[in-house]
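This report describes a two-chain model, going from the contact between the chains to the folds, the cores and a few single residues.

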Amino acid sequence: MFSGHRRGRRVILPALALFVLVYPMQQRIVKDPHYPSEYNQPIVNIREGGTVAIMAMLGGFRPLVANLLWLKADQYWHSGASGWWRIVGILQTICEMDPHFIDAWSTFGWHCAWNIYADAPDQDKPRWIQAGIDVYKRGIYFNPNRYELWKDLAWLYHDKIRDYQSAIPIWKETLKRPDCPIYVRHMLAHCYENTWQVDKAIAVWKDCLRRDKRDYVARSAVDWWNEQTASKARTNTELLRILDRENRIRKSRRLPLAEQPFSIR
Amino acid sequence: MRSIFVIARNTVADALSRIVLQIILIFGLLFLVIGFFFTFMTPGEEDKMLKDLGLTAITVFGLVMAIFMGVSLIQPEVERRTVYAVLAKPVRRLEFMLGKYLGAVLVLLLSVAIMGVVLVGALYLKQQVWNPGLLVALIGTFFSLMIMTALVMMISTFASSLMAVVCGFLFWSIGYSQIYIKQLAEHADNQASKYLLVVMNTILPNFSTLDIRPAVVDGAIIPMGLIAWMVAYGLLYTTIVIALAAVLFYEREL
C-alpha cells in the first residue's frame with residue numbers, strides 16, 4: 001500500500017487532518033438533544049489545578065472511587081458522633097467525584113443542616129444551616145431534573161428554618177420533577193396553611209383529592225377546612241385561635257442564616 | 001483479505017491461551033461478584049452502587065486488557081522476529097497489522113460481553129429485575145477501549161512497550177479530561193499554550209463523550225440514533241489511528 005518512506009510521510013498530514021474532521025462528529029454527539037449532557041460537564045473549577053489533576057488521573061473511574069468512599073462514610077456514620085465531623089470531608093469528596101450520586105448530596109446536606117447543626121457551638125449553627133442549603137443547591141445544579149434534592153431543600157426551609165414563604169416555590173419546583181411522591185403536594189398545602197393562605201391550601205388539598213380519591217390525608221384536610229370555614233360568622237381571629245389550639249398551623253420562626261457559610265464548592 | 005482473518009484468528013487463539021489475560025478476566029469477574037457482597041452496608045441507592053461498581057469494574061479490567069493487548073500486538077512479534085516469517089509470505093504489513101488488531105478487538109469484545117452478561121445476570125439474581133439497558137452503556141465503553149487498543153498499538157510501532165503503556169494511560173486520562181482542556185484553552189493567557197490545548201482538544205480522543213455509564217445507571221434512555229453516532233465516531237477515530245499506525249509500521253526498518 002505504502003511503498004516508500006517519502007510516500008508514508010505524505011500520508012501523515014492527511015491523517016492528522018482527518019483527526020480534525022472527527023472533531024465535528026464528536027461535537028455533533030455532545031450537542032444532540034438526547035445526549036445526557038448533564039453527565040458530561042466540568043465538576044470542578046479549572047483554577048483548582050490539583051483537584052483537576054486528580055480528576056484527570058482517575059479518568060472514568062470516579063464513580064468507583066466515590067462508591068468506595070461511600071462505604072468508608074458509612075463506617076464513620078456508625079461510629080457515632082466522633083465520626084460525624086470526619087464524614088463531612090468524605091461526603092464532599094464523594095459529591096465531587098460523582099456529582100450524580102443523589103444519596104450522597106442528600107446525606108451531605110442533611111448532615112450539615114441537622115446533625116452537625118445540633119452538635120455545633122451556637123455561634124456556628126447558622127453557618128451549618130447555610131452550608132446545608134449550599135450543598136442542596138449545588139446538588140440541584142448537577143441534577144436539576146431529580147426531585148429528591150429539591151424536596152430536601154424545601155424540607156430544610158419548611159421544617160428546620162420554618163421559612164414557609166421561601167419553601168413554597170421550592171415545593172412547587174419539586175412537584176414539576178418526575179416520580180415526585182404524593183406527600184410533596186401535602187407539604188405544599190401545609191406551607192400555604194402555615195402562611196395563612198387558606199384558599200390556596202384548600203385548592204391544593206382538593207387537587208390532591210382529584211388526583212387520588214383514596215388520599216385520606218387530603219380528604220380529612222378538606223373536611224376539616226370545610227368544617228372550620230362553614231361558619232361565616234367566625235372572625236379570622238377566632239379561626240386563628242382554633243387553628244393554634246388544634247396545632248394545625250406552625251408559626252414561622254425563620255432561623256437566622258449565616259452571611260458567610262462554610263465553603264461548599 | 002483472507003490473510004487478515006487468518007492472522008486475526010491466530011491472535012485470538014494466542015490471546016485466549018495467555019495466562020495473563022485469563023487472570024485479568026477472572027479478576028474482573030471476581031470483582032463483579034464481590035461487589036454484590038459489600039453493598040449490604042450502604043444506606044440507600046444500593047442499586048446505583050451495584051451498577052456503578054459493575055460497569056466501572058468492566059471498564060477497569062477492559063482498559064488493562066486493551067493496553068496489554070495493544071502493546072503485545074506488534075512489538076513482541078518484532079522482538080521475537082516472528083514477524084519476518086509472516087511478512088516473508090504474501091502478506092502485506094497493513095494486512096498483518098489489521099489482522100492483529102481485529103484479533104485483539106474480538107478478544108476485547110468477548111471479554112466485555114462475558115463480564116457484561118455476568119453483571120446483568122448477577123443483578124437479576126439479586127433484584128429479580130432484568131437490566132439489559134446496562135449493556136447499552138457498555139457499547140460506549142467498548143468503543144473507547146477499541147480506540148485505546150489502536151492508540152497503544154500505534155505507539156508500540158515506534159516506541160518501547162513501557163512507553164506505549166505509559167502513553168496509553170496518559171491518553172485515557174486526557175480523553176476523560178477533554179472538558180477541562182477545552183476550558184483551559186478558553187482561559188489560557190499565553191497564545192502558544194492556547195493553541196497547544198486547542199490542538200489537543202481537537203485531535204485527541206474524547207472518551208467522556210462515549211461514556212454514558214452514569215446516565216444509564218440513573219435510568220436515562222439513550223436513543224439508538226445517538227448510539228449510532230457514537231459507534232461512527234469510535235469507528236472513524238479507530239480507522240484514522242490504524243491508518244497512522246500502518247504508516248509508522250511501513251516506515252519502520254525491519
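How many residues of chain A are in contact with residues of chain B, and how many of chain B with chain A? In this predicted model, 43 residues of chain A are in contact with 50 residues of chain B. On the chain A side, helix H1 (5–30), helix H2 (49–58), helix H3 (62–77) and helix H5 (102–119) each supply at least two residues. H1(A) gives the most to this side, with 16 residues. By residue class, the side of chain A that touches chain B divides into 29 nonpolar, 10 polar and 4 charged residues.

**Chain A**

The secondary structure of chain A comes to 12 helices and 0 strands. Of its 265 residues, 33% count as buried. Among contacts in chain A between residues at least 6 apart in sequence, 48% join residues at least 24 apart.

H5(A), one of the helices that supply residues to the side facing chain B, can be described further. Its 18 residues should span 26 Å at 1.5 Å a residue, and the end C-alpha atoms are 25 Å apart, so the expected and modelled lengths agree. H5(A) nevertheless has a kink of about 40°, centred on His111(A). The helix is mostly covered, with 13 of its 18 residues buried.

Ala118(A) also lies in helix H5 of chain A. Is Ala118(A) buried or exposed? Ala118(A) counts as exposed because it has 11 C-beta neighbours inside 10 Å, and the cut-off for exposed is 12 or fewer. The C-alpha atoms of Ala118(A) and Trp128(A) are separated by 9.4 Å, with the two residues 10 apart along the chain.

**Positive phi in chain A**

Two loop residues of chain A are listed below with their backbone angle and location.

| Residue | Phi | Loop in chain A |
|---|---|---|
| Arg162(A) | about 55° | between helix H7 (147–161) and helix H8 (164–176) |
| Asp179(A) | near 65° | between H8 and helix H9 (183–194) |

Arg162(A) has its positive phi although it is not a glycine, and Asp179(A) is likewise a residue other than glycine with a positive value. Their surroundings can be given by neighbour count. Arg162(A) is partly exposed, because 16 other C-beta atoms lie within 10 Å. Asp179(A) has 8 C-beta neighbours inside 10 Å and therefore counts as exposed.

**Chain B**

The secondary structure of chain B comes to 13 helices and 0 strands. Along its principal axes, the C-alpha trace of chain B spans about 60 × 55 × 35 Å. A compact globule of 254 residues would have a radius of gyration near 18 Å; chain B has 20 Å, which agrees. Buried residues make up 46% of the 254 residues in chain B. Among contacts in chain B between residues at least 6 apart in sequence, 80% join residues at least 24 apart.

**Nonpolar cores**

In soluble globular proteins, nonpolar side chains tend to be buried together. Which residues have the most contacts inside the largest nonpolar core? They are Leu108(B), Met148(B), Ala150(B), Val241(B) and Ala245(B), in a core of 78 residues. Helix H13 (residues 224–251) of chain B provides the largest share of this core, 15 residues. A second, separate core has 51 residues, including Ile94(A), Cys95(A), Leu156(A) and Ala167(A).

Leaving out residues up to four places away in sequence, Met148(B) touches Leu63(B), Ala66(B), Ile67(B), Gly70(B), Gly168(B), Phe171(B) and Trp172(B).

Leu151(B) lies in helix H7 (residues 133–156) of chain B. Leu151(B) is buried, because 28 other C-beta atoms lie within 10 Å, where 20 or more are required. What does Leu151(B) touch, not counting residues up to four places away in sequence? The contacts of Leu151(B) are with Gly168(B), Phe171(B) and Val241(B). Gly168(B) and Phe171(B) also appear among the residues touched by Met148(B), and Val241(B) is one of the residues with the most contacts inside the largest core. Between Leu151(B) and Gly168(B), the C-alpha to C-alpha distance is 7.1 Å, and they are 17 residues apart in sequence.

Definitions and conventions: Residues are numbered from 1 along each chain as its sequence is written. Chains are lettered from A and ligands numbered from 1 in the order in which they are written. This is a predicted model: local features need pLDDT of at least 70, side-chain atom pairs count only at pLDDT 80 or more; totals for chains, interfaces and linings use all residues. Two residues are in contact if their C-beta atoms, placed from the backbone, lie within 7 Å. Helices (H or I, at least four residues) and strands (E, at least two) are DSSP runs, numbered from the N terminus. Ala, Val, Leu, Ile, Met, Phe, Trp, Tyr, Cys and Pro count as nonpolar, Asp, Glu, Lys and Arg as charged, and the others, Gly among them, as polar. The expected span of a helix is 1.5 Å times one less than its number of residues. The bend at a residue is the angle between axes fitted to the seven residues ending there and the seven starting there. The radius of gyration is taken over C-alpha atoms; the globule rule is 2.2 Å times the number of residues to the power 0.38. A nonpolar core is a set of buried Ala, Val, Leu, Ile, Met, Phe, Trp, Tyr and Cys residues joined through C-beta atoms within 7 Å.
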